[in-house]
Amino acid sequence: MNLIALGGVIGAGLFVGSGVVIHSAGPSAVVSFAIAGGLTILTMRMLAEMTVAKPAIGSFYVYAREALGDRAGFSVGWMYWYFFVVVVAVEAVAGGRILQLWLPHAPLWVLSLVLMALLTATNLVSARSFGEFEYWFSSIKIIAIVVFLFLGVLYLTGLWPQAQAGLGTLVDHGGFFPAGVGAMLAAVVPCMGFYTGAEIVTIAAAESAEPQRAVAKAMRSIVVRVLTFYVGSVFVVVAVRPWDSADVEVSPYAAVLGALHIPAVETIMNAIVLIAVLSCLNSALYTSSRMLFALTRNGDAPRGFTKLSRGGVPRRAILAGTVVGFLSVLAAYFSPELIFGFLVNSYGAVALFVYLGIALAQVRLRRVLEREAPERLTLRMWLFPWLSYATIALMVAVIVAMAVLPASRSQVLMSLVTLVLILGAYQVRVWRRARAAEPVAVAEIPAEADRRR
């Protein structure tokens with residue numbers, strides 16, 4: 001459970017996408033990652049409080065439904081499912097592109113299909129199978145970052161051959177805030193996306209032997225480790241290599257390894273990124289299927305997805321995510337700009353909408369628990385209610401910033417389209433249920449004498 005929690009937030013975005021943040025904010029990207037990490041930790045603490053007090057299949061979907069109403073629960077559940085179904089497609093395409101570096105003549109859609117088929121098969125076997133794969137994927141990612149941090153410390157302290165000891169690189173290229181404090185704050189927006197996935201541990205907890213203990217332990221450990229892995233590794237990047245170097249924007253971790261003259265840098269980084277992609281793909285298939293299964297329990301999704309295999313796996317729900325993911329991969333091949341471009345933009349802010357729902361649900365549910373079952377609050381949100389309110393305010397600020405900044409404005413608009421469609425689907429569901437509940441008028445059967453007339 002600890003490794004699932006850590007692996008969920010260490011994706012390909014850290015190894016590759018962080019270069020874009022560094023290029024826009026300079027060395028102050030370290031602060032951007034720290035702010036985003038702090039906001040994520042606060043949200044996860046709120047979620048952990050609810051999960052430990054009331055373990056439930058579907059986690060925050062159930063809490064949003066109970067605390068904020070059926071409409072909010074329906075929206076949170078389907079937004080989260082949609083988010084990870086798109087992640088399946090995005091990661092499959094990313095993995096296929098990496099494999100093409102070694103298999104240049106193989107079609108991208110074929111390689112993506114192979115990756116999806118492989119990890120779908122592992123998820124279809126059992127929850128333990130998912131856990132085993134994620135254990136090894138997460139272990140490799142964590143070992144890679146630990147080694148990277150160790151090598152970076154050796155370089156910065158002058159213990160590495162031909163190293164330039166010291167932290168002068170942080171300020172020698174325009175200062176620590178080369179683009180200003182505003183650029184540092186704006187960089188918090190994309191950084192939030194890198195942390196998405198920490199909440200997977202609360203969904204996986206429902207299938208663990210001791211869900212309450214597992215979640216509490218995982219959430220306590222994730223605070224220090226996530227900040228160490230993300231903030232620490234980004235600090236090493238900007239301290240070793242000038243932030244405005246072209247190679248840092250393309251692949252920051254490979255740029256550092258290149259500065260240390262590590263042989264076969266590109267092959268090593270491509271292998272690590274591929275592992276990160278496979279981990280995200282594995283987690284996305286698992287998470288989307290469990291959320292779809294949870295949605296069926298309250299009639300928010302077709303009952304057909306409720307069926308379990310002998311091993312207790314919702315195979316139909318897994319295959320649903322795989323089919324949608326494969327159709328999205330085909331869209332990336334046949335319509336990369338229109339359909340696939342819409343998919344990529346339409347899920348950008350969805351995770352933040354879900355996180356906002358988690359925070360709002362925690363405030364409402366905490367009040368209920370304090371009144372009705374205070375003994376269940378064995379793990380509490382810090383400084384409640386003020387820190388919860390602050391988390392909600394910061395979340396809203398990030399969403400507003402996404403809507404204002406030109407680089408992320410389209411993501412917010414398309415994500416709002418996704419939300420409107422989901423709300424429309426909920427309203428259709430309400431109308432259908434209302435019509436089904438209406439009494440049917442039965443015409444009177446005329447008497448025998450009247451029929452003869």
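Arg366 and Glu49 form a salt bridge (a side-chain nitrogen of Lys or Arg within 4 Å of a carboxyl oxygen of Asp or Glu), with the closest N and O atoms 2.7 Å apart. The pair links distant parts of the chain, Arg366 lying in helix α17 (residues 350-372) and Glu49 in helix α3, 317 residues apart; helices are DSSP runs of H or I with at least four residues, numbered from the N terminus. Both Arg366 and Glu49 are buried, where buried means under 20% relative accessible area, exposed over 50% and partly exposed in between (1.4 Å probe, protein chains only). The model is predicted: local features need pLDDT of at least 70 and side-chain atom pairs count only at pLDDT 80 or more, while totals for chains, interfaces and linings use all residues. Residues are numbered from 1 along each chain as its sequence is written, and side-chain values use heavy atoms, with hydrogens and water left out.

The salt-bridge count comes to seven. Among them, Glu66 pairs with Lys54 at a closest N and O distance of 2.5 Å. Glu66 is in helix α4 (residues 60-68) and Lys54 in the loop between α3 and α4, 12 residues apart. Glu66 counts as partly exposed because its relative accessibility is 42%. Arg65 forms a salt bridge with Asp300, the closest N and O atoms being 3.3 Å apart. Here helix α4 is linked to the loop between α14 and α15 (315-334), across 235 residues. Arg65, at 17% relative accessibility, counts as buried, and Asp300 is buried at 4%. Salt bridges that share partners join Arg65, Asp70, Asp300 and Arg429 into one network.

Helix α3 (residues 29-53) has 25 residues and an expected span of 36 Å (1.5 Å times one less than its number of residues); its end C-alpha atoms are 36 Å apart, in agreement. Of these 25 residues, 21 are buried.

The largest nonpolar core (buried Ala, Val, Leu, Ile, Met, Phe, Trp, Tyr and Cys residues joined through side-chain atoms within 4.5 Å) holds 148 residues, of which Phe15, Phe33, Phe60 and Met269 touch the most other members. Helix α5 (residues 70-102) gives the most to this core, with 18 residues. Beyond neighbours within four places in sequence, Phe33 is in contact (heavy atoms within 4.5 Å) with residues including Cys191, Phe194, Tyr195 and Tyr230.

Phe293 is located in helix α14 (residues 265-296) and, at 10% relative accessibility, counts as buried. With the same sequence neighbours left aside, the contacts of Phe293 include Ile57, Phe305 and Pro314.

Technical notes
Helix = DSSP H or I, 4+ residues; strand = E, 2+ residues; numbered from the N terminus.
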